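Biologist: Before we go through this model together, could you explain the reasoning behind each label as we reach it, and begin with the pockets?

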Amino acid sequence: MECGYELDGEIAVVTLRRPSRYNAVTLSMARELTEAIRRAGVEARAAVITGEGRAFCAGADLIELTSQVGEAGDLQAILHSHFHPLIEALWESEVPTLAAINGPTAGAGMGIALCCDLRVMDPGSYFMSAFIHLGLTPDSGAAWMLGRMVGLGRAMEIVMSGRKVPAGEALEIGLAGKVSASGQALSEAMAWANQLCDGPTSAYAAGRRLLYETTALGFAEGLAAEAVSQGRLGESALFGEGVAAFKEKRKPDFRSL
């Protein structure tokens with residue numbers, strides 16, 4: 001199993017378990033995580049998602065993705081079949097969801113964390129919209145969530161630069177709710193979740209939907225726009241070069257494309 005699930009009292013603790021790959025999401029992990037989030041909505045009063053080892057989640061596992069569909073594969077279809085059900089499970093969760101961010105959180109991992117209701121970050125952790133380094137655009141809810149959380153101008157800078165957003169800055173601009181003491185992100189998130197367990201669970205879920213549905217573009221339309229953009233770029237030479245550079249551990253050369 002690539003995704004752990006356990007009940008700690010009234011809290012479902014969901015753990016990404018691929019530490020040797022910085023918890024990069026495979027297609028099977030995406031399915032397991034989707035099931036865990038749905039299960040938590042039935043069995044628990046809150047859910048905490050975290051990563052095993054030194055990272056929360058490094059994003060989608062590019063090695064698996066490209067081996068299965070080819071470097072010019074249909075990313076749009078993969079988003080629809082595997083990543084959208086995961087993000088929609090968070091969106092539709094009947095209980096509050098918290099991300100205990102214990103390390104690097106990039107790409108689709110950033111989308112997963114932003115689609116949780118609340119985020120606690122270790123002081124050494126960071127967000128990174130890494131898609132631009134592969135010649136791609138944000139997906140897994142990241143495009144839809146980021147601008148709504150920090151404003152269009154700041155979101156544009158984060159996406160186009162592909163830089164790290166450290167925990168302190170994330171707290172300042174609204175991407176994180178709390179920064180814990182070193183090594184205490186999970187325990188801080190658990191304490192927060194315990195407080196939420198005393199509250200009106202259904203009202204939390206209703207409040208989440210109300211806040212996001214009152215923005216200009218609907219969530220489903222936002223996901224669809226992400227997938228169309230990613231599908232188009234996934235067929236391009238940009239993505240091919242981005243993946244090749246990733247595998248060869250070098251900076252991509254997009255200038256000649």
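Modeller: The lining of the second largest pocket divides into nine nonpolar residues, two polar ones and no charged ones. Please keep in mind throughout that this is a predicted model.

Biologist: Which residues line the second largest pocket, and what makes two of them count as polar?

Modeller: The lining consists of Thr 137, Pro 138, Ala 142, Ala 143, Leu 146, Gly 147, Leu 152, Ala 155, Met 156, Val 159 and Met 160. Because Gly is counted among the polar residues, and Thr is in neither the nonpolar nor the charged list, Thr 137 and Gly 147 make up the polar pair. The volume of this pocket is about 260 Å³.

Biologist: Which helices supply at least two residues each to that lining, and which gives the largest share?

Modeller: Helix H5 (142–150) and helix H6 (152–161) each supply at least two, and the largest share, five residues, comes from H6.

Biologist: What volume does the largest pocket have, and which residues are closest to its centre?

Modeller: The largest pocket has a volume of about 880 Å³. It is lined by 35 residues, of which Ala 58, Ala 60, Leu 62, Ala 130 and Phe 246 are the closest to the centre. Among the elements that give two or more residues to this lining are helix H2 (62–69), strand E5 (104–106) and helix H11 (237–248), and H11 gives the most, with five residues. By residue class, the lining of the largest pocket divides into 23 nonpolar, seven polar and five charged.

Biologist: How many cavities are there of 30 Å³ or more, and what makes such a space a cavity and not a pocket?

Modeller: The count comes to one cavity of 30 Å³ or more. A cavity is a space where a 1.4 Å probe fits but cannot get out, whereas a pocket is open. The volume of the largest cavity is about 50 Å³, and its lining is formed by Ile 87, Trp 91, Cys 115, Asp 117, Met 145, Arg 208 and Tyr 212. Two elements give two or more residues to that lining, namely helix H3 (75–92) and helix H9 (201–213).

Biologist: What makes two residues of the cavity lining count as charged?

Modeller: Asp and Arg both belong to the charged class, so Asp 117 and Arg 208 are the two charged residues, while the other five are nonpolar.

Biologist: Why is Ser 93 called buried?

Modeller: Its relative accessible area is 4%, and buried means under 20%, so Ser 93 falls within the buried class. Ser 93 sits in the loop between H3 and strand E4 (97–101). Leaving aside neighbours within four places in sequence, Ser 93 is in contact with Ala 205, Arg 208 and Arg 209.

Biologist: How do you know that Cys 57 is in no disulfide?

Modeller: The count of disulfides comes to zero. For Cys 57, the nearest cysteine sulfur is that of Cys 3, 11 Å away, whereas a disulfide needs the two sulfur atoms within 2.5 Å, so the pair does not qualify. Cys 116 is likewise in no disulfide, the nearest cysteine sulfur being that of Cys 115 at 7.7 Å. Cys 57 counts as buried at 0% relative accessibility, and Cys 116 counts as buried at 1%.

Biologist: What makes Arg 18 and Asp 61 a salt bridge?

Modeller: Their closest N and O atoms are 2.7 Å apart, and the cut-off is 4 Å, so the pair meets the definition. The two residues come from distant parts of the chain, 43 residues apart, with Arg 18 in the loop between strand E2 (11–16) and helix H1 (27–43) and Asp 61 in the loop between strand E3 (46–51) and H2. Asp 61 also forms a salt bridge with Arg 21, where the closest N and O atoms are 3.5 Å apart. Glu 2, Arg 18, Arg 21 and Asp 61 are linked in a network of salt bridges, and the total count of salt bridges comes to 12.

Biologist: Why is Arg 21 called partly exposed, and is Arg 18 buried or exposed?

Modeller: Arg 21 has a relative accessible area of 32%, which lies between the 20% and 50% limits, so partly exposed is the right term. Arg 18, at 16%, counts as buried, and Asp 61 is buried at 3%.

Definitions and conventions: Residues are numbered from 1 along each chain as its sequence is written. This is a predicted model: local features need pLDDT of at least 70, side-chain atom pairs count only at pLDDT 80 or more; totals for chains, interfaces and linings use all residues. Side-chain values use heavy atoms; hydrogens and water are left out. On a 1 Å grid over the protein atoms alone, a cavity is a set of points where a 1.4 Å probe fits but cannot get out, and a pocket is an open set with protein on both sides within 12 Å along at least five of seven lines; lining residues have an atom within 4 Å of a point. Grid points are joined across faces, edges and corners, and a volume is the space filled by probe spheres set on the points. Helices (H or I, at least four residues) and strands (E, at least two) are DSSP runs, numbered from the N terminus. Buried means under 20% relative accessible area, exposed over 50%, partly exposed in between (1.4 Å probe, protein chains only). Contact means heavy atoms within 4.5 Å. A salt bridge is a side-chain nitrogen of Lys or Arg within 4 Å of a carboxyl oxygen of Asp or Glu.
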